[in-house]
Amino acid sequence: QVQVVESGGGLVQPGGSLRLSCAASGSMFSRYTMAWYRQPPGKQRESVAVISSGGTTNYADSVKGRFTISRDNAKNTVYLQMNSLKPEDTAVYYCYCNELDVWGQGTQVTVSS
């Protein structure tokens, strides 16, 4: 059973940066499409960024130009670099493995002064 574990959340001021990490177990990580989702308070979960096994990326319009998704297959890890953070980026961020339909437990990101 593949598991994914997020880390790197926290409290940051508007305009600041954070990098989230998602470590996955298993030996076939490089073959999977990985994604980051988020769920703001009182709202539904939404897609933030996706990276295919070949490295193709896709972003929600709300984060384009500010967030970057990347992966290190040697470390079985996917990252989300978040720059120019805004209060509306406040949410629980989840890592997701598309092929296995596996979710992480989530990590809280709070953007506030």
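**Entry 1. Tyrosine 37 and its partner**

I looked up tyrosine 37 in this predicted model. Its relative accessibility is 21%, and I record tyrosine 37 as partly exposed because the buried class ends under 20%. I then searched for aromatic pairs and obtained a count of four. In one of these pairs, the ring centres of tyrosine 37 and tryptophan 103 are 4.9 Å apart. Their planes stand at 65°, so I entered the pair as edge-to-face. I noted that this pair links distant parts of the chain, with tyrosine 37 in strand E4 and tryptophan 103 in strand E10 (residues 102-103), 66 residues apart.

**Entry 2. Around tryptophan 103**

I checked the accessibility of tryptophan 103 and found a relative accessible area of 34%, which means that tryptophan 103 is partly exposed. Tryptophan 103 also pairs with tyrosine 94: the centres lie 6.3 Å apart and the planes meet at 90°, so this pair is edge-to-face. Tyrosine 94 itself counts as buried, at 13% relative accessibility. I traced the ring pairs further and found that they link Tyr37, Tyr94, Tyr96 and Trp103 into a cluster.

I next looked for charges over rings. The charged end of arginine 45 sits over the ring of tryptophan 103, 4.5 Å from the ring centre. I noted a further case at phenylalanine 29, where arginine 71 lies over the face of the ring at 4.7 Å from its centre.

**Entry 3. The nonpolar core**

I turned to the largest nonpolar core, which holds 29 residues. Those touching the most other members are Met34, Trp36, Val78, Leu80, Met82 and Tyr93. The elements that give two or more residues to this core are E3, E4 (34-39), E5 (46-51), E7 (67-72), E8 (77-82), E9 (91-97) and E11 (107-111).

I listed the contacts of valine 78, leaving out residues up to four places away in sequence. Among them are Leu20, Cys22, Phe29, Met34, Trp36, Ile51, Ile69 and Cys95. Arg71 also touches valine 78.

**Entry 4. Leucine 18**

I looked up leucine 18, which lies in strand E3 (residues 18-24). Its relative accessible area is 16%, so leucine 18 is buried. Beyond four places in sequence, leucine 18 touches Gly8, Gly9, Gly10, Val12, Leu80, Gln81, Met82, Leu85 and Val109. I also took the separation of the C-alpha atoms of leucine 18 and serine 84, which is 9.3 Å, although these residues are 66 apart along the chain.

Terms used
Residues numbered from 1 in each chain as written. Predicted model: local features only at pLDDT ≥ 70, side-chain atom pairs only at ≥ 80, totals over all residues. Heavy atoms only, no water. Helix = DSSP H or I, 4+ residues; strand = E, 2+ residues; numbered from the N terminus. Buried < 20%, exposed > 50% of the residue type's maximum accessible area, 1.4 Å probe, protein only. Contact = heavy atoms within 4.5 Å. Core = buried A, V, L, I, M, F, W, Y, C linked by side-chain atoms within 4.5 Å. Phe/Tyr/Trp six-rings, centres within 6.5 Å; stacked < 30°, edge-to-face > 60°. Lys NZ or Arg CZ within 6 Å of the ring centre and 35° of its normal.
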